[in-house]
Amino acid sequence: MKNKAAKVLAMALSAAMVLGTVPAFAEDGGDKQKVVYWAQWSENETQAEVLKDAIARFEENNPEYTVEVNWAGREVRDIMRTSIDSGTVIDIIESGYDRILGQLGEDYLIDLTEYVAGTDFEASISEGMASFAKGFTSTGDSWYYIPAQPFVGTIFYNKAIFREAGIEALPTTWAEFMDCCQKIVDAGYAPMTIDDAYMECLYTAYLGMIMGTDSIEEMMNDSASPLWDDPAVAQMAKDFGEMVEKGYFAEGTGSFVFPAAQNTEFAMGTTAMYYNGSWLPNEVADITGDEFEWGAMFFPAPEGATEDYTTYTTGCQFYAVPKTAENVEGAVKLIEEFTSLQTQTDLLEKCQCIPVINGLELPESLADCGTLMETATKAVPWCYASTISAEVKAVSNASFAKLLSGEIDADGFVQEIADQMN
Amino acid sequence: MKASVRICEAQKRHNTEQFGAMGLKSPIVFTDGNGGVKVKHRERLFMAGYLGPAVLCFLIIFAYPLIRTILMSFFVIPGISSPVSEWKFAGLDNYIGMFRNGVFLASLNNIWRIWLIGGALTLAIALFYAVILASGVKGKKFWRSAIYLPNTVNAVALATMWLQYVFQNKFGLLKTLFTSLGWTSLAKINWTSPKYLFWGMLLSYVFGSVGYFMLIFLAGIERIPSDLYESARIDGAGAWVQFTRITFPLIRDVFRTALTLWTIGAVNFFTWAKMFSTRISTITVTPVYFLYDKVFGGSGTASAIDAGGGAAVGVMIAVIVLIVHVAINRLLKEEVYEY
Amino acid sequence: MKKHRRMTLGRVMGALRYVPLVLWVAFWGAALGWILFASFSTTREIFSNNILGSGLHFENYIDSWKNNNVSHYFINSICITGASCALIILISAPASYILAKKTFLGRNLVLNSFVVGMSIPQVMLIIPVYCWFVRANLVGHLITLVILYTTLNIPYTVFFLTSFFATVPSSLAESALIDGCTEGKAMWKIMMPMASPGIITVTIFNFMNIWNEYFIALIFANGNDKIRTLSMGLQNMITSMTYTGDWAGLFASIMIIFTPTFILYLFLSEKIVAGITGGGVKG
């Protein structure tokens, strides 16, 4: 009996001591300068593999530096602001451009313009990416945001199914899109599907073509916005409601929790179209195998569209250097390695990423995305809005999911939106 | 659900009773033999040294944050770690804004249904299993452990199991089962659709909670002397009569405890809501999820960290707990049966 | 005649009692069993409902273990849970001893404060607490979780142990005092061992809570891979495997997290069940 109490105590003391002496498994950096990189990848993703190689090269070429990586995963977006607020030392943070802009912005970041000047990075970065990243800064010509991985929002389609259905030209208008869906149904496939995580991409793509980016930005951040009463919303509901009625959405659409639709419907080859970003071929590579014929198209112009058919949505993951960084020079050098030809080639080959530098050819799965970017007349932010409020999206996505699953019709959708957006 | 909160409710009752009794018969006290309780200086130091750390922890982690949260709920606060000098007094604005917020209202609607429907199901199923286990089945220990097993599994793993397998729309357990039984209308239910997602979440939560309440009921039933049942049987009472006339009245107290524990768990409902919608959605949102999203997370990309509004939600949750506590104590007054 | 019918009815009822029990076990057996099999299949086989179609794929387990910091998550969870459980007792037991064995001014106030403390929802406390840890730059350290788990579980533990100490007779300790032993020594050497059944019960209880804790871990340990607990690690693995479409790996990770707890439960289920009921119901 005595022993038990003594054991408990001994356990307490030793555990407390262990925790006291090795807080969070601190690594011994020695005399080297540390570069702390918070990645938006988890360690088991292929991107992490490529970046690990890049880091190894960096450490070999720059023996004065050592890199400490936190493979934070996508969750990095939830915690980066509070982490920086609390003074956590982070030399490079990586997340989606919308998160970096919305949660951090210039107040939280270091202007890298001087550091970048004259580096290999500045020389090799593609013009399009440079103007995209600089376009978000207040001067329009500073480097706060470093492009890491660009992406295109598009309707991906299965070319084999399109061929079987006898579709020769890609639809450019909503009416042609409906014809195209009917042909796919006739061929025995489901035309289209979407996952819950990308719900907003569909209706903002439709509405954006009519109302433009400023309106979508306002609507998606303010539920009280009168724009929610715009007739375009009712028209959108009517058109998608009609698609549901005609069976143009795969059975279960509106119910798919990411990535159910992507994996079991689109990648398995039973559904012809799926709205997503250009990271998709990489995500489903294990399921599709090599034979899958990837196609990508512009979003068809609905009636009353003010934007051209050749408008596409795009975005980019950004690297940024927060104010709490202690080693800006090291960070910029590491970024240089990440955007080097070698790393970009690896990312392209192993993860099917669109490169940020010129002179690399896209893999076959993304060839159509490349064509889109080349032929496009206008690029707009992902979902036609640089930021989106969680609360507004919570309401609109739930109603849109009900519309797609057939639980409510177009009128019901308009009613729900009117009731809940106030 | 936080089990310690669930348990402490019962424990609290237990202890107040015990200390009430101790108040009558004075507890064992070390005295100096003069009759009165005269605590020496050294002993006072000893007591302070032993009691102090616990009290200090309590003051730091419970008392002070509680007061501060209440204060925060009346201010507009720009960032979560903003110093008090940056707070702006807002009166009741945070509360008014909360009740105008469609997502918060949806969370209230959800939590109410979770509490009522989920509670009725969980307690009924748990009681049912407890009665079976107490009726002298063979291998009682095995069945008891088996029924409690889901409660020991990590909620993240459990929720993933439900979402990715049981509710799966193509090869899921329910789909396969109902199809093979020929119950086509049930097989057609798509549990992750907006119409059923909430019910799917509730069902899996209920299944994960039954074991715990079963144990509580079982312990209550096993305290009832068996001769009561024997004499009832001699009088010709069947199983149902025995349950309604003996078992249920005699575990009323336990039932009240279970109800209180369920309430605390339901009000704090979070893990399952987060697992069933990684991004906040009106279908599954609960007040705690709403608060989490407002203050810590951002499912959105806009930088709307609203610590004051979050604090107001916290205060609301505490008020709801308080109201339900009082209601349960009023409605189910303690009645003592001598046996 | 009537008696005979009652007998058969009774026997039928007796057999029927097992139906719900078997159904329960069958449901969980089927669900967990399928996940076990799926974790040895390929992702394509899972989606085409043809699990184990090409034999056993152990590489799912090897890959999930190798590509994630699973062993790290286990070490974190063990350290955090072990240290917290021990510290809770170290702080609570002396306090409970004083509360159970001494009378002093304010004793009821202390006891009642702890009672109230147990009913306060954690969300009421977490915002200011988070603010402190942010300012102290402690977010991202294991010690943060230990501090929180310890302090948050103190009120309940003090309560439980106070009632337990009250039932432990003081006569042995008193005679030790007369023999010249200090009171502190008497408490640790004599009272603590006598209260060990209660300490074990409450520790099992605390252990179960902390091991599977989600809310606090999500707020304080989610973004930093070094301090992720098992809950967070599993969530991170699942999220990233949905991005890579690796369903087989996803089910393998669930099994990796589930199995050790399950084995522990196989051996300790009696103790755990007793701990839960001991804490939950009076008597």
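This dialogue explains how to read a few features of a predicted model.

Student: What should be known about the model before reading it?

Tutor: The model is predicted, so to speak of local features requires pLDDT of at least 70, side-chain atom pairs count only at pLDDT 80 or more, and totals for chains, interfaces and linings use all residues. Residues are numbered from 1 along each chain as its sequence is written, chains are lettered from A and ligands numbered from 1 in the order in which they are written, and side-chain values use heavy atoms, with hydrogens and water left out.

Student: Is strand 6 of chain A buried or exposed?

Tutor: Buried means under 20% relative accessible area (1.4 Å probe, protein chains only), and a strand is a DSSP run of E with at least two residues, numbered from the N terminus. In strand 6 (residues 271-277) of chain A, seven of the seven residues are buried, so the strand is largely enclosed by the rest of the structure.

Student: Which strands pair with strand 6 of chain A?

Tutor: Two strands pair if DSSP finds at least two bridges between them. Strand 4 (residues 146-158) of chain A runs antiparallel to strand 6, joined by five bridges, while strand 5 (residues 190-193) of chain A is parallel to strand 6, with three bridges. A:M273 is the bridge partner of A:Y157 and also of A:M192.

Student: How many salt bridges cross the interface of chain C and chain B?

Tutor: A salt bridge is a side-chain nitrogen of Lys or Arg within 4 Å of a carboxyl oxygen of Asp or Glu. The rule finds two across this interface, including one between C:E270 and B:R144 at 2.9 Å, N to O.

How values were computed: Buried means under 20% relative accessible area, exposed over 50%, partly exposed in between (1.4 Å probe, protein chains only). Helices (H or I, at least four residues) and strands (E, at least two) are DSSP runs, numbered from the N terminus.
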